[in-house]
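Welcome! Take a look at the sequence and the model below, and then we will walk through a few places together.

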Amino acid sequence: MWFRRDLRLADNPALVAAADDGEVLPLFVLDPHLWDPAGPSRRAYLAASLRALDASLRQRRTRLSVLRGDPVRRVVLAAKAVGAGTVHVAEDFAPYGRARDEAVEQALGEAGIELVRTGSPYAVSPGRVVNGSGSAYKVFTPFSRAWNDHGWRAAIEAPTGVSWRELGEDEAGGTTGIPDVEVPDGLELPEAGEKAALETWETFLDRIQDYDTDRDKPGVEGTSRMSRHLKYGEVHPRTLLTELAGRSGKGVQTYRTELAWREFYADVLFQRPDSAREYYRPEYARMPYDEPGDQLLAWQEGRTGFPVVDAGMRQLRATGWMHNRVRMIVGSFLVKDLHLEWQHGARHFLHWLVDGDLASNNHGWQWVAGSGTDASPFFRVFNPTTQGRKFDPDGAYLRRWVEELADPDQVPDPHEPDDDTRDLVGYPRPMVDHKEERREALDRYEQVKK
């Protein structure tokens, strides 16, 4: 069983298929193509998730074998070392994953070994939800209806009575072991693993009825925090949907819709792999943009002088996560106030986000930039100050993440401190005039419309 984005034992159809096939070697390959460009958040969290999976396997008197290197070579060597006739995986639909698996399948086939794909990281695999003419949906709302009508299988238990197999230290070129990753000072990551995922989910279920109203409030613990667990497959979305099936209410309905968005973006990327890096709507590539420089660095470091933007960017660096409403605000600021292309923001997010999923992240950025599916119209420019006041009215989020604004005696209004207050507490003045930059953004947009 070659684990990838399914670091769990329960509700894992590929693992069940492997167990039904005979002895099971639990294998993970540290792929340099994915590991090397990953930031410290993703590396550290992945390592912690692998340790959690290994701990679960050790309770079953086996362990996770970890190899490093080209997955084509490593998987073939491991399969040959244990005399495997099949390698079981959950199907990967991302552009790189598809190409990698095709190469692995060919190499295994040459060795007389079969690659067996069972299940995927999604409740409904990309490509399955199509319209009446058999074409992919390009708009979310009809997709979500068809996705819901399509349905999904119920969650399944972890297999029992499995005959496990381990790699010897000298087999397959030598095992690597789970790497130790140094976490930068100031970065505190959440607990990883299947057990942590299920505990987080149970905690969220206690407040899911308030999700519809609280999910947009960054100062409130109103979101599920399940995105990181879904990213690494520490829990399957089908498990969550199975539990939601017996519940009703607007919060439940809204959360189910959020899971549908995740699956929609995966489907869009499957249909249009170029949209991971290029404009989904190519006309937006013609818009004039500025070259990145000091302004991009100030945005990355949370020194823009706009409190809600800086709070979000500092939260990202401190926790490897950012509230979704704030992601939209900081994204709009980068593209429409600083006039930088969305790819700069998407790369920075993928570097630091623990839940940095290519499809959701990059298509979320295209939504902000006006160039994606169901995009926010480009002329909708978020005012960061009014957005902060609306969704964080008491300033709890701002004071939590922008330490210069933490003291209410010094800073009565954290949303829009005056210049004297900024100078007193050492907080920068706004790096741009939002009103002017909004006008500039709309002027540039007019050039695309022609």
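## Two unusual backbone angles

In which loop does His339 lie? His339 sits in the loop between helix H14 (324–337) and helix H15 (342–352). Keep in mind as you look that this is a predicted model. The phi of His339 is near 60 degrees, a positive value in a residue other than glycine. Most residues other than glycine have a negative phi. Is His339 buried or exposed? With a relative accessibility of 4%, His339 counts as buried, because buried means under 20%.

Now turn to Arg61, in the loop between helix H3 (40–58) and strand E3 (65–68). Arg61 is not a glycine, yet it has a positive phi of about 65 degrees. Arg61 is exposed: its relative accessible area is 78%, and the cut-off for exposed is over 50%.

## How H14 meets H15

Let us go back to the two helices on either side of the His339 loop. H14 and H15 pack with their axes 9 Å apart, at an angle of about 140 degrees. That angle makes H14 oblique to H15, because an angle has to be over 145 degrees to count as roughly antiparallel. The crossing of the two helices, H14 and H15, is right-handed.

Which residues of the two helices meet? From H14 come Arg327, Val330, Leu334 and Val335, and from H15 come Trp342, His344, Gly345 and Phe349.

## Val368, a buried residue in H16

Val368 belongs to helix H16 (residues 358–369). Its relative accessibility is 6%, so Val368 counts as buried. What does Val368 touch, not counting residues up to four places away in sequence? The list is Met328, Gly331, Ser332 and Lys336.

You can also follow a link from Val368 to Arg327, a residue 41 places away along the chain. The C-alpha atoms of Val368 and Arg327 are separated by 9.3 Å. Arg327 is also one of the H14 residues that meet H15.

## A buried arginine in H11

Find Arg262 in helix H11 (residues 250–271). Arg262 is buried, yet it has no salt bridge. Why does its nearest side chain of opposite charge, Glu263, not form one? Glu263 is 4.4 Å away, and a salt bridge needs a nitrogen and a carboxyl oxygen within 4 Å, so the pair does not qualify.

Arg262 still has company. Not counting residues up to four places away in sequence, it touches Arg5, Pro121, Tyr122, Leu230, Lys231, Pro237 and Ser360.

## The covered side of H6

Which residues of helix H6 (residues 140–150) are buried? They are Phe140, Phe143, Ser144, Ala146 and Trp147. In an α-helix, residues three or four places apart point the same way, because there are 3.6 residues a turn.

Part of the cover over the buried residues of H6 comes from helix H10 (237–244) and H11. Just after H6 you will find Gly151, with a positive phi of about 75 degrees.

## Arg51 and a distant stretch of chain

Our final stop is Arg51, in helix H3. Arg51 is partly exposed, with a relative accessible area of 34%. Leaving aside its neighbours within four places in sequence, Arg51 is in contact with Ile178, Pro179 and Asp180.

How many residues apart along the chain are Arg51 and Ile178? They are 127 residues apart, and their C-alpha atoms are separated by 7.0 Å.

Methods. Residues numbered from 1 in each chain as written. Predicted model: local features only at pLDDT ≥ 70, side-chain atom pairs only at ≥ 80, totals over all residues. Heavy atoms only, no water. Helix = DSSP H or I, 4+ residues; strand = E, 2+ residues; numbered from the N terminus. Buried < 20%, exposed > 50% of the residue type's maximum accessible area, 1.4 Å probe, protein only. Contact = heavy atoms within 4.5 Å. Lys, Arg positive; Asp, Glu negative; His and termini not counted. Axes fitted to C-alpha atoms, helices over the stretch in contact; angles between N-to-C directions. Parallel < 35°, antiparallel > 145°, perpendicular 65-115°, else oblique. Left-handed = near helix turned anticlockwise from the far one by under 90°.
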